[in-house]
Amino acid sequence: MAEWTEVADRVFHRRYEPLDISIGVVAGDEGLLVVDTRCNPREAAELRTDLAGLSPLPVRWVVNTHAHYDHAFGNQSFADALIVGHHLIPRHFEEYEGKRLSDWTAAPGSWPQYDWTDVVLTPPSVLVSTVTDLDIGGRIVRFHPLPPGHTDTDLVVEIPDARAWFLGDVIEESGPPMYGSGSFPMDWPGVLDSLAALIRPGDLLVPGHGAAVDRSFLEAQADVLRVVADGIRQSFERGEPIESAAERIVSRSRLPIEIVDAAILRGYTLLSLSGTARP
Ligand SMILES: [Zn+2]
């Protein structure tokens with residue numbers, strides 16, 4: 001059964017089903033900062049109960065690592081806290097998550113894997129576009145909004161005094177990296193390279209799904225994502241159909257076919273839009 005694990009000094013991690021989602025907590029003298037809010041208000045209410053069991057301190061801050069539903073659809077249950085997120089989350093909500101939610105609400109039976117009853121899309125109340133420090137009482141938490149990668153709303157949470165980081169889905173440990181709604185397959189590996197330059201060997205990294213890892217894991221995942229990105233670019237330039245491109249990229253990256261298919265579809269769309277790779 002899931003429990004809180006103190007992965008660094010007053011930094012807690014708990015893995016929740018469904019989706020083996022990582023929830024983080026950083027305790028300061030003034031209160032708790034919670035990382036991500038789960039898939040819906042029922043899961044968020046369970047999380048709040050578990051937070052009350054962890055500490056008598058109030059939840060004063062929440063941060064979304066990105067806009068995807070499993071990380072942000074519980075936001076409405078934290079209306080009493082400041083919710084921090086990447087400045088592009090409202091736009092992403094409009095383009096992707098809001099549309100998915102209204103489609104689901106109109107016909108919930110079409111997507112039985114989701115339970116979005118009573119979800120009220122709630123964007124962060126504090127939007128950040130540059131590296132930002134927050135004093136949570138006796139310690140600093142640092143937010144690093146990232147350029148487009150897993151989404152265009154990725155934001156990494158650093159706890160400098162504990163040498164701990166919550167990375168959201170820019171890396172995943174318990175499953176393959178996901179090219180979900182609004183991903184940027186060709187830019188993602190470079191984002192991880194820049195991030196690796198900020199992280200020291202021995203720092204603790206908590207991925208959006210799965211167990212804590214270290215910098216070498218992030219570097220290895222960057223290499224896999226680069227194989228995918230290079231493969232997409234080369235295939236697009238050759239005008240290759242998705243099927244044969246997928247076969248080659250799967251054999252080189254060792255990622256599952258459905259992951260690679262999603263990456264190529266999205267990559268080809270972005271490359272067509274940019275119009276730079278083909279005459
Ligand atoms: Zn995600």
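# Sheets, turns and a pocket

Tutor: Let's start with an open sheet of 5 strands, ordered β8-β9-β10-β11-β12, with mixed pairing. A strand here is a DSSP run of E with at least two residues, a helix is a run of H or I with at least four, and both are numbered from the N terminus. This is a predicted model, where local features need pLDDT of at least 70 and side-chain atom pairs count only at pLDDT 80 or more, while totals for chains, interfaces and linings use all residues. Residues are numbered from 1 along each chain as its sequence is written, and side-chain values use heavy atoms, with hydrogens and water left out.

Student: What makes β8 and β12 the edges of that sheet?

Tutor: β8 (132-135) and β12 each have a single partner strand, so one side of each has no neighbour in the sheet. On average, neighbouring strands here are turned by 20° against each other, direction ignored.

Student: How do you know that β8 and β9 pair?

Tutor: Two strands pair if DSSP finds at least two bridges between them. β8 and β9 (residues 140-145) are joined by 4 bridges and run antiparallel, so they pass that cut-off. Leu134, for one, has Val141 in β9 as its bridge partner.

Student: And why is the pairing in this sheet called mixed?

Tutor: Follow β11. With β10 (residues 155-159) it pairs in the antiparallel sense over 3 bridges, and with β12 (residues 204-207) in the parallel sense over 4 bridges. In general, strands of a sheet pair through backbone hydrogen bonds, either parallel or antiparallel. Phe166 shows both partners: its bridge partner in β10 is Val157, and in β12 it is Val206. β10 and β11 also form a hairpin with 4 residues between them, and Arg163 in that turn has a positive phi of about 50°.

Student: How do you know that β11 is largely enclosed by the rest of the structure?

Tutor: Buried means under 20% relative accessible area, exposed over 50%, and partly exposed in between, with a 1.4 Å probe and protein chains only. In β11 (residues 164-168), 5 of the 5 residues are buried, so the strand is largely enclosed. Ala164, Phe166 and Gly168 point one way, Trp165 and Leu167 the other, and all are buried. In a regular strand the side chains alternate between the two faces of the sheet.

Student: Why is Phe236 called buried?

Tutor: Its relative accessible area is 5%, which falls under the 20% cut-off, so Phe236 is buried. It lies in helix α5 (residues 215-238).

Student: What makes the loop between β2 and β3 worth a look?

Tutor: Most residues other than glycine have a negative phi, and most peptide bonds are trans. Pro18 is in that loop, and the peptide bond from Glu17 to Pro18 is cis, with omega near 0°. Leu19, also there, has a positive phi of about 80° although it is not a glycine. Asp20 lies in this loop as well, with phi near 50°.

Student: Buried or partly exposed: which is Leu19, and which is Asp20?

Tutor: Leu19 is at 39% relative accessibility, so it counts as partly exposed. Asp20 is at 11%, so it counts as buried.

Student: What makes β1 and β7 edge strands in the sheet of 7 strands?

Tutor: That open sheet runs β1-β2-β3-β4-β5-β6-β7, with mixed pairing. β1 (5-8) and β7 (126-128) each pair on one side only. Inside the sheet, β5 (residues 59-63) and β6 (residues 82-86) pair in the parallel sense over 3 bridges, with Trp61 opposite Leu82 in β6.

Student: Now the largest pocket. What makes a space a pocket rather than a cavity?

Tutor: On a 1 Å grid over the protein atoms alone, a cavity is a set of points where a 1.4 Å probe fits but cannot get out; a pocket is an open set with protein on both sides within 12 Å along at least five of seven lines, and lining residues have an atom within 4 Å of a point. Grid points are joined across faces, edges and corners, and the volume is the space filled by probe spheres set on the points. For the largest pocket, that volume is about 570 Å³. Of its 25 lining residues, the closest to its centre are Tyr69, Asp70, Glu172, Met178 and Gly180.

Student: Which element gives the most to that lining?

Tutor: α7, with 4 residues.

Note on methods:
Axes fitted to C-alpha atoms, helices over the stretch in contact; angles between N-to-C directions.
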